[in-house]
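I sat down with this model to see what I could learn by looking things up one at a time. Here are my notes, in the order I made them.

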Amino acid sequence: MNALASQVLKGDQRSIARLITLAENSDILASQAMKDIHPHTGHAHVIGITGVMGSGKSTLIAELTSEYRKKGLQVGIIAIDPTSPFSGGALLGDRIRMMELATDDGVFIRSMGTRGMLGGLTSAVYDVVEILDASGKDVVFVETVGVGQAEVDVVKIADTTLVVLVPGLGDAIQTIKAGVMEIADIYVVNKADRPGVEQTEAELQSLVDISCSGKDRQIPIIKTAAKEHQGIIELVNEMERHQKYLKKSRLFDTQRRKRYEAELVEIIRKRLMNFIFDESTFKEKVEILIDQISKKELDPYTAADEILGKIIK
Ligand SMILES: Nc1nc2c(ncn2[C@@H]2O[C@H](COP(=O)(O)OP(=O)(O)OP(=O)(O)O)[C@@H](O)[C@H]2O)c(=O)[nH]1
Ligand SMILES: [Mg+2]
């Protein structure tokens, strides 16, 4: 077994950080360690959290984390958003809360930018989830902001997906991009200390009544005031209930297969892209083809056939 991998399996914070960095840089050293840790994954409950900007996702994660820590569980946090408090984008008060968590050995926090193709999740997220899972984290949070493709992709990684809304934005449901509402396993109305919470809840309830009619599971709506630590225990209970539901039905395996499929596609895509565009000889070849396309000596389809012909014999 790879030395780095075995340190990660022991939960060593520095080794976890190192392997994550190697994976982010697609370093050759990462792939061996990733191979070694895979058999030790599958234990963590992966929770995706998405929702409008500033709805309190990071605050919720911090509060949920302290709740899980009280239960003696270890927590991993991945924040996919450059403006999140994890990377220093929020008010000082929030940052202090995060700092508390950051010094806890049972918590690992990592923030990542959205470098993925077409604004989707950066492919290293799959690696980071695997690493944190293998390192013994019982719960892994993945935070994405409700814009772009990332929040729709989060559903491929997460076992349980939370969509966070806040009261007082007028028609709450309209404020979230189409397609995002459908990915929720649990709706959270945060900032329930603010006026308009009943209206938002009622709007959501009528949406649930329509979308869940005839289904065996109704999407629950949980009201929280993360800043006041209100509704946090209820939310933890609801997430655990969802995990049990997944395990009881065959949905758990379906969900996991979705993640592995997305991960596999991502690894292949990344390797093919590197092969075509980074490897020196191909880069040269591609430049020549682009010249020819520009001069109308060649069309893009024939050029693509030529490049792919070198890979797919
Ligand atoms: N009134 C009120 N404010 C809250 C609550 N939860 C969070 N906030 C505040 O809302 C602001 C945004 O909170 P964040 O946790 O950074 O929200 P976020 O969704 O992670 O934000 P982005 O990552 O930037 O999209 C902060 O100033 C929080 O203190 C709440 O329950 N009630
Ligand atoms: Mg945030």
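**Entry 1: the sheet**

I began with the strands and found that 7 of them form an open sheet, in the order S3-S2-S4-S1-S5-S6-S7, with parallel pairing. The edges are strand S3 (107-112) and S7, each of which pairs on one side only. I also looked up the turn from strand to strand: neighbours in this sheet are turned by 20° against each other on average, direction ignored. A reminder to myself: this is a predicted model.

**Entry 2: the chain as a whole**

Next I stepped back for the overall count. The chain's secondary structure comes to 12 helices and 7 strands. I noted that 39% of the 313 residues count as buried. For contacts with a separation of 6 or more, I found that 72% are between residues 24 or more positions apart.

**Entry 3: the S3 edge**

Is edge strand S3 buried or exposed? I checked each position, and 6 of the 6 residues of S3 are buried, so the strand is largely enclosed by the rest of the structure. Val107, Ile109 and Ser111 point one way, while Phe108, Arg110 and Met112 point the other way, and all are buried. On its paired side, S3 is joined to strand S2 (residues 75-80) by 6 bridges, and the two run parallel. I picked out one partner pair here: isoleucine 80 has methionine 112 in S3 as its bridge partner.

**Entry 4: towards the S7 edge**

I then moved to the other end of the sheet. Strand S5 (residues 160-165) and strand S6 (residues 186-189) pair in the parallel sense over 4 bridges. Within that pairing, leucine 162 stands opposite isoleucine 186 in S6. Helix H9 lies across strand S1 (45-51), S5, S6 and S7, and runs at about 170° to S6.

In strand S7 I stopped at isoleucine 222. Why does isoleucine 222 count as buried? I found 21 C-beta neighbours inside 10 Å, and the cut-off for buried is 20 or more. Leaving out residues up to four places away in sequence, isoleucine 222 touches Ile186, Val188, Gly231, Glu234, Leu235 and Glu238. I also looked at isoleucine 232, which is 10 residues from isoleucine 222 in sequence and 9.1 Å from it in space, C-alpha to C-alpha.

Isoleucine 219 was my next stop, in the loop between helix H8 (197-211) and S7. With 19 C-beta neighbours inside 10 Å, isoleucine 219 counts as partly exposed. Its contacts, setting aside neighbours within four places in sequence, are Ala184, Asp185, Ile186, Tyr187, Val208 and Cys212. Isoleucine 219 and leucine 204 are 15 residues apart along the chain, and their C-alpha atoms are separated by 9.8 Å.

**Entry 5: the nonpolar core**

Which residues touch the most other members of the largest nonpolar core? In this core of 67 residues, I found Leu19, Ile78, Val125, Ile131 and Val142. Helix H6 (residues 124-134) supplies the largest share, 8 residues. The core lies between domain 1 (1-38) and domain 2 (41-249), because both give residues to it. I followed up leucine 19: not counting residues up to four places away in sequence, it touches Leu4, Val8, Ala30, Ala33 and Ile131.

**Entry 6: helix H3**

Two of those contacts, Ala30 and Ala33, led me to H3, whose buried residues are Ala30, Ala33, Met34 and Ile37. Seen down the axis of H3, the buried residues fall within an arc of 105°, so they line one face of the helix. That fits what I know of α-helices: with 3.6 residues a turn, residues three or four places apart point the same way. On the other side of H3, Ile28 and Lys35 are exposed. Helix H1 (3-9), H2 and H6 are among what covers the buried residues.

**Entry 7: two positive phi values**

Last, I looked at the backbone. Most residues other than glycine have a negative phi, and I noted two with a positive one.

- Serine 26 has a phi of about 50°. Serine 26 is in the loop between helix H2 (13-24) and helix H3 (28-37), and is partly exposed, with 16 C-beta neighbours inside 10 Å.
- Histidine 229 has a phi near 55°. Histidine 229 is in the loop between strand S7 (221-223) and helix H9 (232-248), and is partly exposed, with 14 other C-beta atoms within 10 Å.

Note on methods: Residues are numbered from 1 along each chain as its sequence is written. Chains are lettered from A and ligands numbered from 1 in the order in which they are written. This is a predicted model: local features need pLDDT of at least 70, side-chain atom pairs count only at pLDDT 80 or more; totals for chains, interfaces and linings use all residues. A residue is buried if 20 or more other C-beta atoms lie within 10 Å of its own, exposed if 12 or fewer, and partly exposed in between; C-beta atoms are placed from the backbone. Two strands pair if DSSP finds at least two bridges between them. Axes are lines fitted to C-alpha atoms, for helices over the stretch in contact, and angles run from 0 to 180 degrees between N-to-C directions. Two residues are in contact if their C-beta atoms, placed from the backbone, lie within 7 Å. A nonpolar core is a set of buried Ala, Val, Leu, Ile, Met, Phe, Trp, Tyr and Cys residues joined through C-beta atoms within 7 Å. Domain bounds come from an automatic or database domain assignment. The arc is that of the directions from the helix axis to the C-beta atoms.
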